Amino acid sequence: MIPYGRHFIDEDDIQAVVEVLRNAVLTQGPMVQAFEDAVATYVGARYAVAVSSATAGLHLAALAAGVGPGTSLITSPITFVASANAALYAGAEAAFCDIDPATINMCPDNLRDALRKHPNARAVIPVHYAGLPCDMPLIKAICDAAGAVLIEDAAHALGARYADGQRVGCCAHSLMAVFSFHPVKNIATGEGGMITTNDEPTYRRLLRLRSHGINKLTDSFQLPEQATTAGVENMWYYEMQELGFHYRITDIQCALGLSQLKKLDQFLSRRTALASSYDQSFASVQTIRPAQSSGHDRSGHHLYVLRIDYATAKISRAELMHSLMAKQIVTQVHYIPVPNQPYYQSLGFQLAHYPNAQCFYDQALSIPLFYGLTDEQQGFVVLAIKELVP
Ligand SMILES: Cc1ncc(COP(=O)(O)O)c(C=O)c1O
């Protein structure tokens with residue numbers, strides 16, 4: 001079976017995990033900080049907070065951005081539900097702005113309109129779809145003018161670079177960025193995520209929110225009289241200062257993440273080469289085009305997505321996916337647009353309001369792209385698709 005995405009684990013990764021298992025500290029230990037430091041250094045951000053998933057990270061980021069009841073949060077309709085759910089978890093209203101069909105990322109002009117329609121927008125979450133970075137300087141200028149905070153959904157984009165050459169997650173153009181380490185992503189920790197930021201108060205807030213809202217670092221006590229007994233420190237004392245969550249990640253996962261991070265550049269160069277090879281292979285097929293035709297040199301290449309004109313090719317997507325599955329090739333659709341989900345429909349959203357997202361959804365197909373995909377396997381995938389989509 002050739003999946004659409006798969007992690008790559010080697011002996012070094014296994015050894016890194018085994019070492020933690022042989023040690024006394026399985027969670028809240030030194031590997032968490034070490035992984036945070038390594039990711040912060042890699043992307044060029046001052047701070048990083050590791051969490052149990054990117055979903056948890058987006059929730060905490062929304063809270064730290066001040067998203068809450070009476071506010072709204074705007075994201076892309078073409079994303080995983082987690083990007084929009086962050087608004088709902090925080091008690092805010094979710095809103096969407098349509099994509100740019102050339103990049104499948106949030107369209108800056110549509111964002112400007114969406115911000116006009118939602119003057120209570122507290123935050124915007126652009127999604128670097130498939131790893132291709134959004135035009136962040138332009139999006140930042142639009143958000144700054146509207147007083148909205150920017151949180152990047154960088155779940156697909158570890159290792160990617162903006163047009164200015166800086167790495168996604170450096171937070172030069174946002175308050176926070178959130179990465180995912182789910183096994184199909186660019187590095188794996190099993191489940192896991194990371195929030196990066198350059199803002200110290202935000203960093204401190206994220207640390208508290210990650211662990212029940214309990215004070216961290218040098219946060220001062222709100223009830224100092226309970227912190228001492230006749231001038232002697234009460235060693236057991238801590239304070240829950242706001243309602244937080246248990247979104248921590250383990251040292252076991254962070255050891256794996258640290259080991260994986262060492263291979264990220266190697267992973268990325270293979271993903272880039274595979275994507276270029278797909279581009280060339282399908283260039284001659286009239287009914288097929290890559291969903292994202294530019295920015296290949298700076299994308300994180302989490303996914304390789306085709307746009308297929310199924311009507312002209314006289315095959316439905318369902319038939320194509322089944323026929324490929326019969327050849328042991330797994331494909332997927334990223335994503336069912338969030339406004340089309342029954343839960344979002346029940347909130348009044350309609351996909352028809354996002355025509356570019358609708359058109360993209362009708363044509364999209366993610367085909368296998370991962371570090372361990374061999375040239376032979378890729379050739380087999382190309383041949384199979386070309387046979388079925390003339
Ligand atoms: C764009 C996007 N955002 C957020 C997430 C959530 O990531 P996690 O599974 O780490 O919670 C995903 C996961 O697929 C995603 O694709």
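How far is an oxygen atom of the ligand from an N or O atom in the side chain of Thr55? The distance is 2.5 Å. This is a predicted model, in which local features need pLDDT of at least 70, side-chain atom pairs count only at pLDDT 80 or more, and totals for chains, interfaces and linings use all residues. Residues are numbered from 1 along each chain as its sequence is written, and side-chain values use heavy atoms, with hydrogens and water left out.

**Stop 1: the ligand**

Select the ligand and the 16 residues around it; a residue counts as near if one of its heavy atoms lies within 4 Å. Those that come nearest are Thr55, Asp153, His156, Ser180 and Tyr335. Now show the side chain of Ser180, where an N or O atom is 2.8 Å from an oxygen atom of the ligand. At Ala54, a backbone N or O atom lies 2.9 Å from a ligand oxygen.

**Stop 2: the largest pocket**

Select Phe80, Ala82, His156, Lys185 and Tyr335. The largest pocket holds about 490 Å³ of space, and these five are the closest to its centre among the 26 residues that line it. Pockets and cavities are found on a 1 Å grid over the protein atoms alone: a cavity is a set of points where a 1.4 Å probe fits but cannot get out, while a pocket is an open set with protein on both sides within 12 Å along at least five of seven lines, and lining residues have an atom within 4 Å of a point. A volume is the space filled by probe spheres set on the points, which are joined across faces, edges and corners.

Colour helices H3 (54-64) and H4 next, the elements that give two or more residues to this lining. H3 supplies the largest share, three residues. By class, the pocket lining has 12 nonpolar, 11 polar and three charged residues. Here Ala, Val, Leu, Ile, Met, Phe, Trp, Tyr, Cys and Pro count as nonpolar, Asp, Glu, Lys and Arg as charged, and the others, Gly among them, as polar.

**Stop 3: around H4**

Select residues 72-75, strand S2, and residues 93-96, strand S3; they pair in the parallel sense over four bridges. Pairing requires that DSSP finds at least two bridges; helices (H or I, at least four residues) and strands (E, at least two) are DSSP runs, numbered from the N terminus. Ser72 stands opposite Glu93 in S3. Adding H4 (residues 81-89) to S2 and S3 completes a right-handed β-α-β unit.

**Stop 4: the cavities**

The structure holds two cavities of 30 Å³ or more. For the largest, about 80 Å³ in volume, select lining residues including Ala130, Leu132, Gln292 and His301. Its lining has seven nonpolar, five polar and no charged residues. For the second largest, of about 60 Å³, the lining includes Arg6, Phe8, Lys185 and Tyr371.

**Stop 5: two backbone details**

Go to Tyr335, in the loop between helix H11 (317-326) and helix H12 (342-346). A cis peptide bond joins His334 to Tyr335, with omega about 5°. Finish at Ile104, in the loop between S3 and helix H5 (108-117), where phi is near 65°, a positive value in a residue other than glycine. Most residues other than glycine have a negative phi, and most peptide bonds are trans.

Notes
A crossover is right-handed if, with the strands pointing away from the viewer, the path from the first strand over the helix to the second runs clockwise. A polar contact is a pair of N or O atoms within 3.5 Å; within protein, one must be able to donate a hydrogen and the other to accept it, and residues adjacent in sequence count only if both atoms are side-chain atoms.
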